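User: I have a chain open in the viewer and would like to go through its contacts and surfaces. Please keep the answers short.

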Amino acid sequence: MRSWLKVVFPLFFIKVSLSENQFTEFVKELSQYNHPDYKPSSVNIVIISGNLNQLVEVNEKNGLVTLQITLHFQYNMPEIGWEPNITYDGQEIFIIPSSYVWIPDLTAINMIEINVIQTKHVTITSNGDIFGSNAATVTIPYQANMKMFPYDKQECHIEIGSWTYPENLLKFVWNSSHFHESKPMKRFNSNKQWNMFPVTIISSQRFLQSGNLNMTMSLIIFSVKIKRKPTFYDSGLIYPSSCITLLSFLNVFISPESGEKINQALTTFLAEIVFLLFLVDVIPASSDPLPYLVTIIMNKIAFETLNVFKAIIVCALIEWHPKTSPNAFFKHVLMCEVIQKIFFVHDICGPIQKDSDMLKHEWTICALIFDRLLGFLLFLTLILVNVYVLTS
């Protein structure tokens with residue numbers, strides 16, 4: 001019970017354990033190491049461990065990732081150690097407000113924005129070890145690779161270090177006993193749009209040069225990999241767009257005399273434009289290389305455009321056909337019964353009553369065969385081009 005109260009009310013127990021004079025003396029001893037000009041007398045090794053708590057947001061348009069992390073730090077300042085058997089009534093551990101002790105300026109070097117919740121208390125042991133924790137919501141840039149959208153994987157790096165102290169005064173070391181690279185960080189809250197891969201920790205250095213200042217920084221780099229959950233895009237984009245393409249192919253079986261052939265072709269064309277506008281709203285303007293899905297949608301728009309022209313030409317041939325019979329070659333080839341059966345236009349035009357009907361019948365047969373032949377070729381070309389795009 002007493003141990004639990006010490007955690008909840010640490011300052012109260014400090015003053016109970018120490019006399020007021022002893023407490024004042026201890027704080028005074030700490031104050032000489034807690035000012036902006038303080039520099040460690042020798043290299044101070046800061047042991048870091050931590051948790052990636054949550055992937056808050058991925059801003060693909062601007063190439064930003066917002067993460068919520070907790071960092072636990074441990075370092076040693078032998079100057080503030082004491083002999084528990086001689087001083088402070090045998091106390092070996094103190095929990096004191098963090099404002100009384102020097103704490104390394106631990107920060108995300110490559111951050112765009114950071115909101116840090118500083119630890120309110122730190123634990124100090126008699127040998128000078130100091131333990132504490134900081135939580136932060138950090139926004140960092142990343143290079144978006146949208147080529148496989150919406151089945152893409154993204155990677156970003158959080159560089160933890162100090163802007164103030166070079167490596168010869170402050171060196172960061174990852175506590176490998178707290179974290180294993182084959183497992184994700186503990187206590188990660190799942191994200192509805194992204195899956196998290198195991199986080200890799202890298203110890204690194206960075207050399208900075210500005211004027212006469214040359215400085216080597218010690219860094220701990222979190223390599224964070226995420227993969228998009230594609231269900232929303234599968235059901236709301238890819239599946240409907242595939243159905244629209246199939247419907248546009250079936251345009252060849254719509255009778256030109258129904259008056260709906262051109263309308264259906266225009267409708268499917270506009271539907272593909274809407275899908276492209278949806279992608280433009282999601283994908284960064286600087287996306288390079290271009291996502292496969294955008295290329296496929298653009299190919300389908302080209303297919304729909306040709307489909308509209310084809311429908312207009314076919315309807316025009318039937319409605320305003322020439323006053324002369326088709327060319328003898330085309331008439332011989334297109335009017336043969338085998339070709340008509342292959343393209344399902346056999347006896348489609350009804351009985352012939354007079355010579356003018358015969359002329360219209362010939363042009364109608366030619367137009368329908370042209371419509372279906374070109375429709376099959378365009379659809380086959382679309383499939384082959386998209387297969388090439390995906391496999392190239």
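User: Which residue forms a salt bridge with Lys-300?

Analyst: This is a predicted model. A salt bridge needs a side-chain nitrogen of Lys or Arg within 4 Å of a carboxyl oxygen of Asp or Glu. For Lys-300 the closest N and O atoms of the pair are 3.6 Å apart, and the partner is Glu-272.

User: Where do Lys-300 and Glu-272 lie, and how many residues apart are they?

Analyst: Lys-300 belongs to helix H6 and Glu-272 to helix H5. Both Lys-300 and Glu-272 are buried. The pair links distant parts of the chain, with a separation of 28 residues.

User: Which residues are joined into one network by salt bridges that share partners?

Analyst: The side chains of Arg-228 and Glu-60 meet in a salt bridge of 2.3 Å, N to O. Those of Arg-228 and Asp-152 meet in another, at 2.7 Å. With partners shared in this way, the network consists of Glu-60, Asp-152 and Arg-228.

User: Are Arg-228 and Glu-60 buried or exposed?

Analyst: Buried means under 20% relative accessible area, and exposed means over 50%. On that scale, Arg-228 and Glu-60 both count as buried.

User: How many residues apart in sequence are the parts tied together by Arg-228 and Asp-152?

Analyst: Asp-152, like Arg-228, is buried. Arg-228 lies in strand S12, whereas Asp-152 is in the loop between S7 and strand S8 (153-161), so the pair ties together parts whose separation in sequence is 76 residues.

User: Why do the buried residues of H5 line one face of the helix?

Analyst: Helix H5 covers residues 261-282 and reaches 33 Å from its first C-alpha to its last, close to the 32 Å expected. Its buried residues include Lys-261, Ala-265, Thr-268, Glu-272 and Leu-279. An α-helix has 3.6 residues a turn, so residues three or four places apart point the same way. Seen down the axis of H5, the buried residues line one face because they fall within an arc of 120°.

User: Which residues on the other side of H5 are exposed?

Analyst: The buried set of H5, with Phe-275 and Leu-276 among its members, takes up one side. Exposed on the other side are Thr-267, Leu-270, Val-274, Leu-277 and Asp-281.

User: What is the accessible area of the nonpolar surface patch that includes Leu-246 and Phe-376?

Analyst: Leu-246 is part of helix H4 (residues 231-249). At 46% relative accessibility, Leu-246 counts as partly exposed. In the patch Leu-246 is joined by Leu-247, Leu-250, Phe-253 and Phe-376, and together they have about 430 Å².

User: Which residue in S7 stands opposite Glu-113?

Analyst: Strand S5 (residues 113-117) is hardly covered, with a count of zero buried residues among its five. S5 pairs with strand S7 (residues 129-141) in the antiparallel sense over five bridges. Opposite Glu-113 in S7 stands Thr-139.

User: What separates the C-alpha atoms of Ser-190 and Asn-53 in space?

Analyst: Ser-190 sits in the loop between strand S9 (170-174) and strand S10 (194-196). At 65% relative accessibility, Ser-190 counts as exposed. Ser-190 and Asn-53 are 137 residues apart along the chain, and their C-alpha atoms are separated by 9.0 Å.

User: How far apart in space are Ile-296 and Val-385, C-alpha to C-alpha?

Analyst: Ile-296 has its place in helix H6 (residues 292-319). Ile-296 counts as buried because its relative accessibility is 16%. Ile-296 and Val-385 are 89 residues apart in sequence, while C-alpha to C-alpha the spacing is 8.5 Å.

Methods:
Residues numbered from 1 in each chain as written. Predicted model: local features only at pLDDT ≥ 70, side-chain atom pairs only at ≥ 80, totals over all residues. Heavy atoms only, no water. Patch = residues over 30% accessible without salt bridge, like charges linked within 9 Å, V, L, I, M, F, W, Y side chains within 5 Å. Areas by Shrake-Rupley, 256 points an atom, 1.4 Å probe, with all protein chains shown as cover. Helix = DSSP H or I, 4+ residues; strand = E, 2+ residues; numbered from the N terminus. Buried < 20%, exposed > 50% of the residue type's maximum accessible area, 1.4 Å probe, protein only. Expected span 1.5 Å × (residues − 1). Arc of directions from axis to C-beta. Pairing = 2+ DSSP bridges.
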